[in-house]
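Reader: I am new to this structure and would enjoy a close look at one part of it. Could you pick a strand pair and walk me through what surrounds it?

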Amino acid sequence: MVCGSLGVSVGERRGARRVPQQVQRVPDALREGCHGQVALGEERSARAVGTRRSSKGAMSIEARYGQRVGVRRTMLCGSTTPWEAPMQILDAAAQHAGGIAEIYNHAVEHTTAIWNERLVDAADRAEWIAERQADGFPVLVALEDGGTVIGYATYGPWRPHDGYRHTVEHSLYVREGLRGRGTGSALLSALIERARAQGLHVMVAGIDAENQGSVRLHERFGFDRVGVLPQVGTKFGRWLDLAFLQLVLDQAPAAADGSSSSR
């Protein structure tokens, strides 16, 4: 799949289960419940549904791959009030720059997800999107109904030297107040598929070591925690540790000239 096109649908609502037709196989990491436990549903031909049940509610997840797939999710997590909204994963364009800037600036001002202190505006992010895409790297956005940007993800060079050309470092951010609804999983799944489609070999995530939510998200997608660099960053008047996680995308050997033998 050349991803810009992943949809996640949760179809269980107040005990009445709704399953869309012709749903392709769901990546295991997308079968996630509100408390991190999943009981897999039945798989028949091209259809797969993951269902999680607990005393607090129920959730089922279905995914469909296509060129531009809408998402409708309903989640019952300790509440009888379902949340339902369509979502799309698309390649970013200039009109998404303002929403990306809002998410970025909130992370800068209030979190250690970004170790920067400079705020940006829509023009800055529009230029950043254009530059990154011109270099052949994706910028993906998650959009809710009405076009609101609720998250974005991208990757770029791991290090500038030639020998690292098959490795990228990625970043992923979800709008404040809208986390825990599968947006991060959808974006990360799409980003991994895009990296594989581009013939890349390794993805690297650099995460604040205290951000266990992000660490667990990556581990669900098969990332291994490979090391921690203590006190290499600072923000809000304290030292920060940087955890590195990596995902090996294929098992292709490197050719003698430094390029992968499969590329």
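Author: Happy to! Let's begin with the whole chain, which has 4 helices and 14 strands. Please keep in mind that this is a predicted model. Of its 263 residues, 47% count as buried. Among contacts between residues at least 6 apart in sequence, 61% join residues at least 24 apart. The chain exposes about 13,300 Å², and carbon and sulfur atoms supply 47% of that area.

Now let's go to strand β9, which covers residues 139–144. Here 6 of the 6 residues are buried, so β9 is largely enclosed by the rest of the structure. You can see this on both faces of the strand: V139, V141 and L143 point one way, while L140, A142 and E144 point the other way, and all are buried.

The partner to look at is strand β10, made of residues 149–157. β9 and β10 run antiparallel and are joined by 5 bridges. Together the two strands form a hairpin, with 4 residues between them. In that turn, G146 has a positive phi of about 95°. To find your place across the pair, look for A142 of β9, which stands opposite G151 in β10.

Let's pause at V149, a residue of β10. Is V149 buried or exposed? Its relative accessibility is 5%, and because buried means under 20%, V149 counts as buried. Leaving aside residues up to four places away in sequence, V149 touches V141, A142 and L143, along with H96, G99, I100, I103 and R175. V141, A142 and L143 are also among the buried residues of β9. For a sense of distance, the C-alpha atoms of V149 and I89 are separated by 9.9 Å, though these residues are 60 apart along the chain.

One of the residues that V149 touches, I100, leads us on to a helix contact. I100 belongs to the part of helix α1 that meets helix α2. The axes of α1 (residues 97–110) and α2 (residues 122–134) come within 8 Å and cross at roughly 105°. α1 and α2 are therefore roughly perpendicular to each other. On the α1 side, the contact is made by A97, G98, I100, A101 and Y104, and on the α2 side by A122, R125, A126, W128 and I129. These residues divide into 8 nonpolar, 1 polar and 1 charged.

So that is the tour: the hairpin of β9 and β10, the buried V149, and the contact of α1 with α2.

Technical notes: Residues are numbered from 1 along each chain as its sequence is written. This is a predicted model: local features need pLDDT of at least 70, side-chain atom pairs count only at pLDDT 80 or more; totals for chains, interfaces and linings use all residues. Side-chain values use heavy atoms; hydrogens and water are left out. Buried means under 20% relative accessible area, exposed over 50%, partly exposed in between (1.4 Å probe, protein chains only). Contact means heavy atoms within 4.5 Å. Axes are lines fitted to C-alpha atoms, for helices over the stretch in contact, and angles run from 0 to 180 degrees between N-to-C directions. Angles under 35 degrees count as roughly parallel, over 145 as roughly antiparallel, 65 to 115 as roughly perpendicular and the rest as oblique. Ala, Val, Leu, Ile, Met, Phe, Trp, Tyr, Cys and Pro count as nonpolar, Asp, Glu, Lys and Arg as charged, and the others, Gly among them, as polar. Accessible areas come from the Shrake-Rupley method with a 1.4 Å probe; for residues, only the protein chains shown count as cover. Two strands pair if DSSP finds at least two bridges between them.
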